[in-house]
Number of protein chains: 2
Amino acid sequence: MAQQKSGHVTLLDIAHACGYSVSTVSIVLSEAPLSKNVASTTRERIRKMALQLGYHPDAYARSLRRRHSQTIAVLAYDLSDPFCIPLVQGIQSGLQPSNYIPFLMDAQTRRKLFDSYLMMILERRAEAVIVIASWIFEETNLLADIEKNKVPIVIIGRDLTPMNISSMLIDNQIGGGMALTHLAKLGHTKIAIIRGPEELVDSEPRWNGVQHAAAEAGIVLDQRLVVQLPRLTDSAFGFEGGLRAARQLLEAGRPFTAVLAFDDMTALGVIRGLAEAGVRVPEDCSVIGFDDVLPARVATPGITTVQQPLQEMGLLASKWVLEEIGVRQAGNNGPIRLYHALPKLVARASTGRIARGGKKKSSA
Amino acid sequence: MAQQKSGHVTLLDIAHACGYSVSTVSIVLSEAPLSKNVASTTRERIRKMALQLGYHPDAYARSLRRRHSQTIAVLAYDLSDPFCIPLVQGIQSGLQPSNYIPFLMDAQTRRKLFDSYLMMILERRAEAVIVIASWIFEETNLLADIEKNKVPIVIIGRDLTPMNISSMLIDNQIGGGMALTHLAKLGHTKIAIIRGPEELVDSEPRWNGVQHAAAEAGIVLDQRLVVQLPRLTDSAFGFEGGLRAARQLLEAGRPFTAVLAFDDMTALGVIRGLAEAGVRVPEDCSVIGFDDVLPARVATPGITTVQQPLQEMGLLASKWVLEEIGVRQAGNNGPIRLYHALPKLVARASTGRIARGGKKKSSA
DNA sequence: GCAAGGAGTTCAAACGTTTGAATAGGGCAT
DNA sequence: ATGCCCTATTCAAACGTTTGAACTCCTTGC
């Protein structure tokens, strides 16, 4: 009955209610070491009263006093990009066994939000940060600020080891190569390539991988079959880009039997664009993507793609930060790490052996 | 230089560094009303020093003292379900203009996690809660606990007005009707129905809507064409269910020209299952979904579906809680609200007029 | 000469915990 | 009796803020 003005039940309320001091109550309820020499009858009474009054310790007071928040910030550039989800899942499962809890933040591809979240990370005294980066993340100085505060950071999707930040990336070069090799093995030679937007760091190495693999397979890439995705404003909407790219390719009228799309969403857009013109996938044209996101798996035909081990990466990222928290508590400093994840080709139904007849694209 | 043991710069550090009291520093940096009669030179010096030392106010100390956390908990049953994302987006944009920040929690369809997050909501003194519910949410008593603590709650996807909790749902009955009517208008009469899992509250009313609309259209539903989705363990994997349902339907050998799937993921599974048997969508068979999630929009053919205004619902939910926080601060109590969102049919390419020849399903 | 008021700053208490040190009352061996 | 340990409990300070009240100078008006 002795409700505080805050509306929440406090230790003091319980203390009053059952005639012990705040200390005793605290010791019992927080299961401090000292609680082993609190009389068991006392323990019982306090516990019962706490339950009855509906007590829940105030995380703010507790964290203030204990000087740690048990919180790990997870800052994603955009949760509506299906790419982020498996990463977040991986991180969450990695954090589960620890008693750190993830503080999920969604920057929604907005630079402003991204920065304000970074600020919040500092204010909320997150004990570590995992950043899922993309182009919005343009060397913000706040990250340095976080580093200065001795908060462990891991960044996924960017190599920031030069700034002393542990980083984790997919090996885009190998991945790009895999995609092209897969198409080559199926007999395709007239391959259209949809390159990623310039501001994405993945675009360049992926393209390099494609070129090398082409050279190795003895394929000359027709520059007129290479299109460049524009800057994507609307996050997940590589789809729109792929759709336009496909139309553009068809209009150009140069024949091709396969499209190597920058990522899965692009690939899905391409397939839509081809379908508009009556081009069937994979019968008339193969399409390959990259990432292996959910929409690619559930589409029919299933999209052949270069899979990123996103969940594993998330898991590993959480392991890294937990470890680093450990070593810093011991007063040391762990190594700055860099991990290049290996992609894996997942062959589904959107790619196939080149048609015998060498069927041409229907163009205007 | 006067770093505290916590590793973070505090007001005291700044006070020492520039020779003012902690109070003055606090007043300046928190822009309290009193700061208007702090000498501007003082203000300058303090601000400069704060910046230089890299000061960031401790959210824990601040919230403890101010007695509010500026935090609104958003508890989703599973972020990897594409259904949740637009809701979360809507909530986020609704919260943007306020200075409450969303604390995003992902229960990952795990009852245990769900409960522990609810606990955390209490401990972190969230000032309101928005729950995106599904079947994992089985009348947990913790929600009552939250209510008891006078924290405003809004639940999406469940009618909890009997428990005095504002609720928001899609009108499943109307939605189900819309789907069936759409198929009927296209001339379909042999319609297979895939009902939702029993433990989902949406299943029942949606099915009712379908039945009514069928009666109204003068269609008799063949019970042998009605299959029931099993309990979904793996969240978003209605896909698997749809796939199996399609196989089952084809095996049964009863002809049908359209499938009304419980939701989009199911529809995508159905399409895959039909494709396995060489049944083309929409030429040989129409398929309609429900929800309008991303994978349905980017698949080809685009899935015709009954759209839920998820983003708007999220937005509204955030408006509700903000309002309620307002009225409670004024000492009053707002109304318990209930909102039935109106679904909208989005016709895409997965449904079409029935084939003239009345082409039968290929079965075993 | 003095109250009134304002500008600039500081005091000190409070928010709800945790925890090292202290206390009180044993019992038990010397 | 004294000293000592043991059990059960409490004191009081601290975490980093915020804020109502107080304090010290000044100026200004009467």
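**Exercise 1.** Which polar backbone atom is 3.0 Å from a phosphate oxygen of DNA strand D?

*Solution.* Start with the ground rules. This is a predicted model: local features need pLDDT of at least 70, side-chain atom pairs count only at pLDDT 80 or more, and totals for chains, interfaces and linings use all residues. Residues are numbered from 1 along each chain as its sequence is written, chains are lettered from A and ligands numbered from 1 in the order in which they are written, and side-chain values use heavy atoms, with hydrogens and water left out.

Now the atom: it belongs to A:A39. The pair is a polar contact (a pair of N or O atoms within 3.5 Å; within protein, one must be able to donate a hydrogen and the other to accept it, and residues adjacent in sequence count only if both atoms are side-chain atoms).

**Exercise 2.** Find side chains that reach phosphate oxygens on each DNA strand.

*Solution.* Take strand D. An N or O atom in the side chain of A:T42 is 2.8 Å from a phosphate oxygen. For B:S26 the distance is 2.7 Å. Turn to strand C. A polar side-chain atom of B:T24 lies 2.6 Å from a phosphate oxygen. For B:T42 the value is 2.9 Å.

Then check for a base. A polar backbone atom of A:A61 is 3.4 Å from a base nitrogen of DNA strand C.

**Exercise 3.** Describe the protein surroundings of DNA strand C.

*Solution.* Count residues that are near (one heavy atom within 4 Å of the strand). There are 30, and A:L11, A:S26, A:R62, A:R65 and B:T24 come nearest. Sugar and phosphate make up 64% of the strand C atoms within 4 Å of the protein.

**Exercise 4.** Which residues of α3(A) are buried, and which exposed residues lie on the face turned away?

*Solution.* Locate the helix (a DSSP run of H or I, at least four residues, numbered from the N terminus). In chain A, α3 covers residues 40-53. Apply the cut-offs: buried is under 20% relative accessible area, exposed over 50%, partly exposed in between (1.4 Å probe, protein chains only). A:T42, A:I46, A:M49 and A:A50 are buried. They span an arc of only 100° around the axis (taken from the directions from the helix axis to the C-beta atoms), so they sit on the same side of α3(A). The opposite face carries exposed A:T41, A:K48, A:L51 and A:Q52.

**Exercise 5.** Relate chain B to chain A.

*Solution.* Superpose by least squares on C-alpha atoms of residues with pLDDT of at least 70 in both. A rotation of 180° with 0.0 Å of shift along its axis does it, at RMSD 0.1 Å. That is the relation of a two-fold axis.

Conventions. Helix = DSSP H or I, 4+ residues; strand = E, 2+ residues; numbered from the N terminus. Expected span 1.5 Å × (residues − 1).
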